[in-house]
Amino acid sequence: MPIAETTVMAVTVAVTVATHNLAYGVITGVLTAMVAFAHRVAHFTAVDKVAESDVDHDGAIDTRVYKVRGELFFASSNDLVYQFDYVGDPANIVIDMSDAHIWDASTVATLDAITTKYAAKGKSVEIVGLNPASEARHDRLSGHLAGGH
């Protein structure tokens, strides 16, 4: 049996036996399962450089496109901010989110942090490809979250 399921079962039994209350055991087991699930799916995201272009044909790359894939929420978006080359990237960055979904405010804060880091280097960021639900969440929360990551 996988370790996560074994842990959930052991925690449920231990709490039930310790408290003599099945409800406490089940609640603790469900919370443990939620944490295990979040930990497991947090690693299913990827950021890849997919395109570069030299718009003014001067031999230097002007735009770089990153493709983000996966379900983005508090656990998976923590490392997102470290996946970009803020110093080495060209002046224009496009972040393609067509294979990603934003689930919570922490991801919007992370995207804001990425945009802010690039802006501090004098670079512009365009976020494209958001599905309607992600776009609504991003539009509603972007710029309104203090701190970011």
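This report walks through the sheet, the helices packed on it, the salt bridges and a surface patch of a predicted model.

**The sheet and its helices**

Let us start with the strands. Four of them form an open sheet, arranged in the order S1-S2-S3-S4, and the pairing is mixed. Strand S1 (46-53) and strand S4 (124-128) are the edge strands; each has a single partner strand, so one side of each is left without a neighbour in the sheet. From one strand to the next, the twist averages 20°.

As general background, strands of a sheet pair through backbone hydrogen bonds, in either a parallel or an antiparallel sense. Here, strand S3 (residues 92-102) pairs with S4 in the parallel sense, over five bridges. If you would like a place to look at this pairing, Ile93 stands opposite Val125 in S4.

Two helices can be placed against these strands. Helix H3 (residues 105-120) packs on the sheet and touches strand S2 (63-72), S3 and S4. The direction of H3 makes about 170° with that of S3. Helix H4 (residues 132-141) also packs on the sheet, where it touches S3 and S4. For H4, the angle with the direction of S3 is about 120°.

**Salt bridges across the strands**

Side chains of opposite charge can pair when their charged atoms come close. The structure holds six salt bridges. Three of them are set out below, with the N to O distance for each pair.

| Pair | Closest N and O atoms |
|---|---|
| Arg69 and Asp48 | 2.7 Å |
| Arg64 and Asp89 | 2.4 Å |
| Arg69 and Asp99 | 3.9 Å |

Arg69 is a good residue to follow, as it appears in two rows of the table. In its salt bridge with Asp48, the pair links distant parts of the chain: Arg69 belongs to strand S2 and Asp48 to strand S1, 21 residues apart. The side chains of Asp99 and Arg69 also meet in a salt bridge. Asp99 lies in strand S3 and Arg69 in strand S2, so this pair ties together parts that are 30 residues apart in sequence.

How open are these residues to the surroundings? Arg69 has 31% relative accessibility and counts as partly exposed. Asp48 is partly exposed too, with a relative accessible area of 35%, and Asp99, at 41%, counts as partly exposed. A network of salt bridges links these residues with two others: its members are Asp48, Lys67, Arg69, Asp96 and Asp99.

Now to the other arginine of the table. Arg64 and Asp89 form a salt bridge in which the closest N and O atoms are 2.4 Å apart. This pair, too, links distant parts of the chain, with Arg64 in strand S2 and Asp89 in the loop between S2 and S3, 25 residues apart. Are the two partners buried or exposed? Arg64 counts as buried because its relative accessibility is 9%, under the 20% cut-off. Asp89 is buried as well, with a relative accessible area of 4%.

**Two residues around Arg64**

Ala51 has its place in strand S1 and is partly exposed, at a relative accessible area of 34%. Although Ala51 and Arg64 are 13 residues apart in sequence, their C-alpha atoms are 5.8 Å apart in space. Leaving aside residues up to four places away in sequence, Ala51 touches Thr63, Arg64 and Val65.

Asn92 lies in strand S3 and is partly exposed, with a relative accessible area of 32%. With residues up to four places away again not counted, Asn92 touches Asp62, Thr63, Arg64 and Ser124. Arg64 is therefore on the contact list of Ala51 and on that of Asn92, where contact means heavy atoms within 4.5 Å. Thr107 is another matter: Asn92 and Thr107 are 15 residues apart in sequence and 21 Å apart in space, C-alpha to C-alpha.

**A nonpolar surface patch**

Finally, a look at the surface. Leu22, Val26, Ile27, Val30, Leu31 and Met34 make a nonpolar surface patch of about 580 Å². One of these residues, Leu22, lies in helix H2 (residues 22-41). Leu22 is exposed, with a relative accessible area of 58%.

Conventions: Residues numbered from 1 in each chain as written. Predicted model: local features only at pLDDT ≥ 70, side-chain atom pairs only at ≥ 80, totals over all residues. Heavy atoms only, no water. Pairing = 2+ DSSP bridges. Helix = DSSP H or I, 4+ residues; strand = E, 2+ residues; numbered from the N terminus. Axes fitted to C-alpha atoms, helices over the stretch in contact; angles between N-to-C directions. Patch = residues over 30% accessible without salt bridge, like charges linked within 9 Å, V, L, I, M, F, W, Y side chains within 5 Å. Areas by Shrake-Rupley, 256 points an atom, 1.4 Å probe, with all protein chains shown as cover. Salt bridge = Lys/Arg side-chain N within 4 Å of Asp/Glu carboxyl O. Buried < 20%, exposed > 50% of the residue type's maximum accessible area, 1.4 Å probe, protein only.
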